[in-house]
Each structure stands twice: as C-alpha cells, then as structure tokens.
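Biologist: Please take me through this model and justify the terms you apply to it.

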Amino acid sequence: MALSRAKGFAAGEDMPESSSKLTRYRFGPFDLDPGEGTLTRHGIRVRLQDLPYRLLVMLVEKSGEVVTREELRQHLWPQNTFVEFDNSLGVAIRKVRESLNDNADAPQYVETIPRRGYRFVAPVIVETRGMTVDTRSEPGEVGLPPQPPDPTPTPIPANSLPVPAKPAFAQRNTYWLAAGLALLLVATGLLFRFYPKPAVVSPSPQASAAAPVRLRRSVAVLGFRNLPGRHEDDWLSPVFSEMLDTELGTRGDLRMVSAEDVARVKHDLPPTGEGTLAKGTLERLRQNPGADVVVLGSYTPLPGKDERRIRLDLRVQDTADGETIAEEAITGDRNDLFALAAQAGARLRHRLGLTANSLGDANQARVALPSDERSARLYVGGRAKLWAFDFLGARDLLLKAVAADSEFPLAHSALSEAWWHLGYQTKARAEAQRARELSQDLPEEDRFLIEGQYWRAMGDSAKTVQAYRTLFQLFPDSLDYGLLLATAQIGFQPAAALQTLATLRRLPAPAGEDARIDMTEASAWIGQDLTKARAAAKSAIEKGLAQGRPVLVARTYGFLCEQGVGIGVSMDDAINDCKLARQSAEAAGDRNAEAMMSTDLAALYYQQGEVAHSGEMFRAAIKEFQEVGNLDGVGAAMSNLGAALLTSGNLNEARKLLQDSVPNYHAVEDKEGVALSLNTLGDLSRQNGKLQVAETTYQQAMATAQEAGDKSAVAYVFCSLGDVLVDQGKLAAARASYEKSLALRNQVGEKQLALETQVGLALLSIEEGHAAEVEKPLRQWKQQFHQERQADDELAASTALTRALLAQGKQGDARAEIESSQGLAAKSQNLLVCLEYELEFARVLLASGHPEMAKPRLEQVAREARAHGLQGVELEAMAAAADLEIRAGRKANAQQQLASLEHMARDKGFALIARKAAAAAAQA
C-alpha cells in the first residue's frame, strides 16, 4: 500500500501549483505565504510538511467555509494516488493543529465538522499586491462589525431604589475603564494634528460598514535634540514635533503615532547621543508603538546678529530594515515656527512619495493651532504633565493656556481631561462643552474626537458611541479609534464592543496583537463571564510586560483589583491583583493610581479582619491623594477609614472623618460618595443608640443615591434601613428592605455583599420564629466566607448560626459551634463583631447547666459597649444579664433590671428589645 511521503518545504523549493505567488494570509500571530512556501509565527519560521502545509493552505483559502472530506481527498490525493485516506487525513490535520498550537476540543483555528469535514474559524487577513483584505467580510475588504440598533438604557426608578447598611466602603469600580478611555482620548489625536477625510475611505456610515481598508503607513515623530543644550530652548522640541506631526498627517494619508505614545516609549528606549537609531531600537519602535517610519533630528540656533535664526536637521528611518529614507537640513526664523514646520513637512512628504499639502490644507491647520508661541508652550507643557500623571501641574498650565488663547479648542479639551482626573466632573463638562463649541472649524478627525469626549463627559453613552463609530468608520485602520469605540460601547452595547474588538484583532500585526485590545476585552467581559475577563486581562498584562508598557500593565491590574471579591474572585487573587496594581502604578509614576490601589487593597485587608493594617493604609492614601490634588480620592479614603474605625469602636474619630469626607465629595459633585458617607454616618448613629437620627440620615443617603442612579449605593442603604427597622421592631418592613437590597446586589453581581444581606435576613427569620429554616443556609454561608478568607464575615455567620441553634433548643450544637470560632474571635480586630460573638457565647452559657459562667463575659461586654458608646450592644447585654438573674432564681433583681431595660429601650427607640423585656418580666 502506497502512503504519502512526508516532506518539508524549504526556501527555494517548488510549491504546489495551486498556490498563488501574489497572495499571503495573516491570522492571529501567523503569516502563511504560499508563494514562499512558509508559515511563520511572530516572524519565526514554523516547519510543516508538504501534505499538512497544502491542507492548511486549502482551509485558509476557504476560511469560514466547510471544506468537505471529499474535497480534501480530490485536492490532496489525486485519483492515481492510493492511500489509507482516513488515517492520512487524521495525521495531516493533527500536524496542522500542532503547528498552530491548536486544540481540537476548543479550536481557535481548525474546527472539525462531524461526518462532513473541517472549517478554518479564525479571522483571516488576505494581502494581495499590497491590498489588505478580510476574507470574513466582502471580498477584498476588512469590514467594520455590524452595529446593532442603539438600545435605550434602562433608568433606575426613583421610587424603587434605596441604599446600604454595614460600613460602606467607597469604591471606584469604573475608574480603570474610564481612565483607559481617557488615556486613549489623550493619546489618539487631541493634538496639533488635522486630517480631512482620507480619499481611500468612504465617509458615509452606510458605505463604511464594509468599506475597503487601506493600511496607511504609520509615522512617529520622536522629537529633536537641543544641540547647544540650553534648557530655555527645550520647549522647541515638543512644540515643533507637534507642528511637524500636523504637516505630515494633514491629508490623512499617513497614520501619525500619538505624541503620548511617543513620549511613553521614548522613556523606555536606551539613551543615544547619535542622530541615528540602532536597528534593535527601530525594531522595538515597530512593535510599540507600531511605527513603520520614525522622524528624529536636532536643532541649533545659528550665530550672527539675528539670534532668532535656527537650523533644523531631520532624519527619517524605516523601522523594518533600519535604512535612512531621507535627510534634510532646513533653516528658518524662530519667530515663525509654523513656516519652518510647513517647509520641513513639505520636504519630508516629498521624500516619502506623498502628495504635497494644498493651500487649503495649510490654512485649515493654522486655524486649529494656538495663536502664538506662549500659548503653544503652555499647551504642550500641560499635556506633557497629563501624560506624566501630574494632574495638578497639568491643570495649572492648561488654565494659563486657555487664558492666553481662549479660542484654541484643543487646550480646552486637554483641560477637561485634567479636571476629570482630579474628580471635578462639572468643570470637566464645562471645558468639554467649550472645546465642542470651538471645534466647528476643525478638520473632521479632531471634531469627532472632541464630540466623543463631550458626550462622554455629559454621560450620554449613545451619542458617545455614535461619535466614535463615525470616527472609526472614517479611519478604519486606526486601532486607537476602534478602541475608543469599543470602550464607549462596553456599558451600553457589550456585544457590539466585542464585535468591534474582533474587527481590531483582524488588523495586521502589530496593531491586531496590541495589548490594549485584550485590556478592553477584559472590561467587556466583566459582568458576563469572569473567566474570560480574567483571561483577557492576563493576556493584556503578558503582552504589556513583553512590550515594555508599564502604564497599560498598571491599568489592567488596577481594573482587576477594583473587581475585588464581590464578583467571585478569590481573596488571594484579589489581594495579589491589588498589590501588583499598586507596584505597577508606582513603576509607571502614577501616584494617583497608586493611592487608589492602596485604598482598594486596604479595603481587602479590612474584609480579612486586619482593621489596624487597613487603617494605616487608608491614612497613607489620604495623604497621597491630598498631595496629587484628588479630592474625590481624599473623600473615599476618609470615608473608608471612618467605616473601619466605626467597627473598631472609635466612634468619635470615625464621625469626624466621615463628616470631613462629605465636603470633599461635594466639591467634585460625587453623589455616590456623599451617599455612602451619609450611610456610614447613619450606621454610626444607630450603634450610638440614636435610631431616629440614623433613620433620617439613611433617608438622606437614599435620596442622594437614587439621584446618582447608583444601584450599589442604594443597596447599601436598603440593608442599613433593614437593620434600624429591626431595632425598631418593624420586622415586616425590615424584611422588605433587606430583600430589596439583596435583589439589587444580585443584579449588580456583588456576591459577597449579597451574602452579608442574606445573613441579616437569617437573623430576622430567627426573630420571626423560623430558626430551623436558616440553619443549613447559615452553615453554607459560613463555609463560603471561610473559603474566601472573609474572617469577620465568617465569625458573624457563626454567631448567627449559634443563635439559630439556641432558638431550636440545640444547646450542645450551639456550644460546639460557638467554641469552634474562638480562634477567629481572638484574631479579629472588629470590635462590633467580637462583642456580638461574646454576647452569643454568654447566651450559650446561660442555656447550660451553669449560667453563672456567663456573668464575667456579660460584664465585660457591657463595659466595652459603654466605653465605646455602643448603645444597642449595651442593651442586649443588659437583657442577657436579666436572664441570668431569672435562671439564678433572683426574680426580684430580674424584674427590676427588666423594667429599667424596657424603659431605657423605649426611650431610645429600641422597640424590639423593649417588647422582649416586657415579655420576660411578665413570665418571671
């Protein structure tokens, strides 16, 4: 029996006649070139034998289609060839998959269609005679993803959304997603860059949905060395770089790498005093930030009477082969940098084989530029501080820039970003609106960038998506604009966001493999599939580390950190994410993000019961937020520290911090923060025995949370209201409040907080006489808290379970349960939880044959409660002490204590305890 002979292709060997020598295919990290007979991964040759190679070519050529077994037989095994077909085909398919690192059970590339054949499922980009097309769209095109109709976001009904109890930690779970969007906004073109509509792309939304994409050459202007080294002239490099960037890109036939991306990558490049970059450096620039061509050079003031004359030396290098494409020397007047930039741009465009700019192009660019040297210096300096995370410094310079040239829209746009990072949403909106008003004469690209920024600031998701969709349709080869669109779609059209990201992955490398696609995909999967979200984030981090992009790594870790344990992430993973996020932010020089990660990490330590450690971290974060000027961060850290101090029994300092946090939140109009601080102040008043004040404060928190439309904050207040309603003896109303909190927490995916609410409902069920119904769930929840290392929540669940067992008369089981948690109680720094535990332990001892053993515990609980002003706990301890008197046969003492307790409880509004005291007195 004749079998096919395995043979590998080598360079120069004859190829199968069916292969086109003018076509090659790209998918994922692979490049398949039938003309050369090669398969490469990230440019590295992958060896594949003759038959499997031809099989792969056939599948890729018909990507998305089922290639039947009969077609494969006819194509790969002619009639005169005798083989054991099934075995040979199976071997060939296996070798194809091995070469692609593919998995038959979860295929990324080759899918088996049972009893029919095989299908190549990965998106494929076809390159023919320089034209890049996508075989999954119309022939010869890379299509934009179909866009679903814009759904109307569901509003939160004002009459059905209340707020939380338990110390509520203020979090910013949307910061990293929003910060990523802001990073893209700053990075992608609110610069001195002005492009009219490119000739190769149709501007109409209908046509551009499947418009052919021509990948423009990407150019990065790296800046210019100040040869004399006079620091007073350093500003010329960034200003001239931006002007030259405009001149080169004004016709839209080049993709200009953003100045921010250039600034970040230059920070990590090896220093060089030469005017030429080494090939290794050029290769790095080709991968990140994806430049095909780089422009660099130097400038020197010329000697003579006229000190304003300047010589500019330019060099253009190809990042692929390291060759110098052009060298130019230009002399001009420093008083007219615009003319110098125009001359330089014209020469370089000519050397790059591009059409010269028209007079109209030049006029359009000048309209959008700052009016003079001073405003240009201020604007460029302010924007550089934005990129360096110095938001206070950026704000100060940009305020001066808009004062120097109030009609320059891009300065207003950059100032909006500075205000946004500092937490001043109203001021950010005002500057975004002013930028929009001034943008009417800007070229299309800048106008839509400003339009998208404006609607983002205004919180209009639909119009934000519309603006960025139009921008991406105009420039479908722009990774940055596609990412802006996907990011805007995430909270509004998550399925559309994933489609947009899939389109971006079909861009040729390195754009299609950019780590920002993975980072954005991680955001899109949150709330839908945690496993996929973390996998995408891990991919983004791995790529970011490999590409030397610390800011992206920090943002991705930050995004993971802010998910916490509330959506199913383990405590170990959450803490590790936050530690890495803080380290990455520090490495990137982002002190604001570092402080935010410290705040989130402190919250996790608090959940583990490390109250003192978390308090130290909150205090450090407050200081750092104050130094960087983030009042919203100051308010959040103060509020969180106040919540931690409340559980420690330090009510006075907690109250001061919580009260001080509110003005910080008000200053930046953070209604969610105000609501959470008010809620925790309500908790403090409740623990202090001021139930009416607590209820009023909760209602204020509720109104603020509903106005903000924040479901998480509303859920907190509902839970807190449930607690105070239980104290007041209004059990039916308490159940309704708890259930509303639970429904909202389940809706927004806050698993850990939902469990805490369920424990509250279980305690209520015990009061209602249904202890047997909650015994099993409490055991399950306790185990869940244990698995997640939520030590204080585990202790609280054990205390509740003990109460359920006592209520059923299971004294032995109750004793065993309460004793099993002594280790947790000994380690806990949460005074409130510990006192509740000690009180329940005393009740277990009261139910035993030796009630006098409970007396020392009860006296200790009463002393601690009085010392810290915990009125509710003190009343509970008094009730247990009266029970001790009854069990000891001292009924007169018991009657006296119960009468005093009933009077005090009614006076304070603790109707439930008052009723119980009256009932006990009647039975004594």
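Modeller: The model is a predicted one. Helix α9 (residues 337–351) lies across β12, β13 and β14 and runs at about 160° to β14.

Biologist: Which other helix packs on the sheet, and what strands does this helix touch?

Modeller: Helix α6 (residues 236–249) packs there, touching β10 (217–226), β11, β12 and β13. Contact here means heavy atoms within 4.5 Å. The direction of α6 makes about 155° with that of β10.

Biologist: In what order do the five strands of the open sheet stand?

Modeller: The order is β11-β10-β12-β13-β14, and the pairing is mixed. The edges are held by β11 (254–256) and β14 (324–333); each has a single partner strand, so one side of each is left without a neighbour in the sheet. On average, neighbouring strands are turned by 25° against each other, direction ignored.

Biologist: How do you know that β13 and β14 pair?

Modeller: Two strands pair if at least two bridges are found between them. Nine bridges join β13 (residues 309–318) to β14, so the criterion is met. These two strands run antiparallel, and one of the bridges places V316 opposite its partner A326 in β14.

Biologist: What makes β6 and β7 a pair, and what lies between them?

Modeller: Four bridges join β6 (residues 110–113) to β7 (residues 117–120), against a requirement of at least two, so the strands count as paired. They run antiparallel and form a hairpin with three residues between them. T112 has Y118 as its bridge partner in β7. In the turn, R115 has a positive phi of about 65°.

Biologist: Why is N101 called exposed?

Modeller: Exposed means over 50% relative accessible area; N101 is at 56%, and therefore counts as exposed. N101 is in the loop between α3 (85–100) and β6, and has a positive phi of about 55° although it is not a glycine. Most residues other than glycine have a negative phi.

Biologist: Why is E669 called partly exposed?

Modeller: The partly exposed class runs between 20% and 50%, and E669 is at 43%, so E669 belongs to that class. E669, found in the loop between α26 (651–667) and α27 (671–687), has a positive phi near 55°.

Biologist: What is the peptide bond from N288 to P289, cis or trans?

Modeller: That bond is cis, with omega near 20°. P289 is found in the loop between α8 (279–287) and β12 (293–301). A cis bond also joins A509 and P510, with omega about 5°; P510 lies in the loop between α18 (494–505) and α19 (515–525).

Conventions
Residues are numbered from 1 along each chain as its sequence is written. This is a predicted model: local features need pLDDT of at least 70, side-chain atom pairs count only at pLDDT 80 or more; totals for chains, interfaces and linings use all residues. Side-chain values use heavy atoms; hydrogens and water are left out. Buried means under 20% relative accessible area, exposed over 50%, partly exposed in between (1.4 Å probe, protein chains only). Axes are lines fitted to C-alpha atoms, for helices over the stretch in contact, and angles run from 0 to 180 degrees between N-to-C directions.
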